[in-house]
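Colleague: I've got the picture open and I'd like to learn how to read it. Can we go through it together?

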Amino acid sequence: MTDVAVRNAAVALSGVAKEFGTGDTKTLALADIDLELPYGELVLLVGPSGCGKTTLISVVAGLLDATRGQTEVLGQNLTRMGGARKVRFRGDNIGFVFQQYNLLPALTAAENACVPLLIAGWSRAKAVAKARELLTAVGLGNRLDSYPNQLSGGQQQRVAIARALVHEPRLLVCDEPTAALDAASGRTVMELIRKVAVQPDRAVIVVTHDSRVYDFGDRIVSMADGRIERIETKNSPGVRAEH
Ligand SMILES: Nc1ncnc2c1ncn2[C@@H]1O[C@H](COP(=O)(O)OP(=O)(O)OP(=O)(O)O)[C@@H](O)[C@H]1O
């Protein structure tokens, strides 16, 4: 991997392996992953259950340390980053969306969406104003003061997307964001992620089992058994990874 390639990639993994456990219980969840993901794209990460998708995005997001290899994200080498710096790096640069929306039931949509800004030290008034802006961008301008139990699953996921993007992270990581949604809500959520998160200096990675959303990817990275099997892009047919 050249320096130039690393500088131009939002994510650059080189020889990344992740093992869980020891001895007889040792599992190789990621085996020698080389992967570069450019800025400005929505990348889908697909593959059968247990192939390593969640482990891979957890390493990229700095939630898990790789056992071996180099992990560069947004031009920063996570391999050499200490714990406290990594927590700060995550807070400043990465947004997360999960299958379960994880909204706080006692807070309104606007209050939920502003939580990352409160954690970052913003005043409540400024944070709520910014959250309202984001919620309006995801089509919930008329549900700002609703509580999670007054919203549909698709609406709750849109609040979770607003919360993930409110601090303008340069990398958005989504783990099965449409798994709990019907087809129409799933498409709305993916359309929103494309519209609000894909920008020239940002990157989006979506782990999905949901073949209904494959059209939304600029790049589809297929994994099997802890390895990258195939990478397809909108502009080129599939490229089978070399092992
Ligand atoms: N904390 C852990 N301890 C031990 N083994 C783990 C741990 N996390 C994941 N694994 C193992 O690593 C492998 C990859 O798991 P991972 O969750 O990354 O797969 P996945 O592709 O995301 O699966 P799914 O689609 O079911 O979520 C699996 O064999 C899993 O059992």
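Colleague: Which helices are among what covers the buried residues of H6?

Modeller: First, the vocabulary: helices are DSSP runs of H or I with at least four residues, strands are runs of E with at least two, and both are numbered from the N terminus. A residue is buried if 20 or more other C-beta atoms (placed from the backbone) lie within 10 Å of its own, exposed if 12 or fewer do, and partly exposed in between. Covering goes by contact, meaning that two such C-beta atoms lie within 7 Å. For the buried residues of H6, the cover includes H4 (109-113), H5 (115-119) and H7 (153-165).

Colleague: What kind of model is this, and where does the numbering start?

Modeller: It's a predicted model, where local features need pLDDT of at least 70 and side-chain atom pairs count only at pLDDT 80 or more, while totals for chains, interfaces and linings use all residues. Residues along each chain, as its sequence is written, are numbered from 1.

Colleague: How many degrees of arc do the buried residues of H6 cover?

Modeller: Those residues are Ala 127, Lys 130, Ala 131, Leu 134 and Leu 135. They sit on the same side of H6, because the arc around the axis (taken from the directions from the helix axis to the C-beta atoms) is only 140 degrees.

Colleague: And which residues are exposed on the other side of H6?

Modeller: H6 runs over residues 124-137 and reaches 20 Å from first C-alpha to last, close to the expected 20 Å; that expectation is 1.5 Å times one less than its number of residues. Opposite its buried side, the exposed ones are Ala 125 and Lys 126.

Colleague: Over to E3: are its faces covered or bare?

Modeller: In a regular strand, side chains alternate between the two faces of the sheet. On one side of E3 you find Leu 42, Leu 44 and Val 46, on the other Val 43 and Leu 45, and all are buried. That makes 5 of its 5 residues buried, and both faces of E3 covered.

Colleague: Which strands does E3 pair with in the parallel sense?

Modeller: Pairing takes at least two bridges found by DSSP. Leu 45 has Val 207 of E8 as its bridge partner, while Val 43 stands opposite Arg 219 of E9. E3 makes 4 parallel bridges with E8 (203-207), and 4 with another partner, E9 (219-224).

Colleague: Which element gives the largest share of the shell around the ligand?

Modeller: A residue is in the shell if its C-beta atom, placed from the backbone, lies within 6 Å of the ligand. Among the residues there are Phe 20, Thr 27, Ala 29, Gly 52, Lys 53, Thr 54 and Thr 55. Strand E2 (27-38) and helix H2 (53-60) each give two or more. The largest share, 3 residues, comes from H2.

Colleague: How many other C-beta atoms lie within 10 Å of Val 73?

Modeller: Val 73 belongs to strand E4 (68-73). Beyond its neighbours within four places in sequence, Val 73 is in contact with Val 11, Val 60, Leu 78 and Leu 171. Val 73 counts as buried, because its number of other C-beta atoms within 10 Å is 25.

Colleague: Last one: what is the radius of gyration of the protein?

Modeller: The protein has 8 helices and 11 strands. The globule rule, 2.2 Å times the number of residues to the power 0.38, is compared with a radius taken over C-alpha atoms. For 243 residues the rule gives 18 Å, so the protein is as compact as a globular protein of that length, with a radius of gyration of 18 Å.
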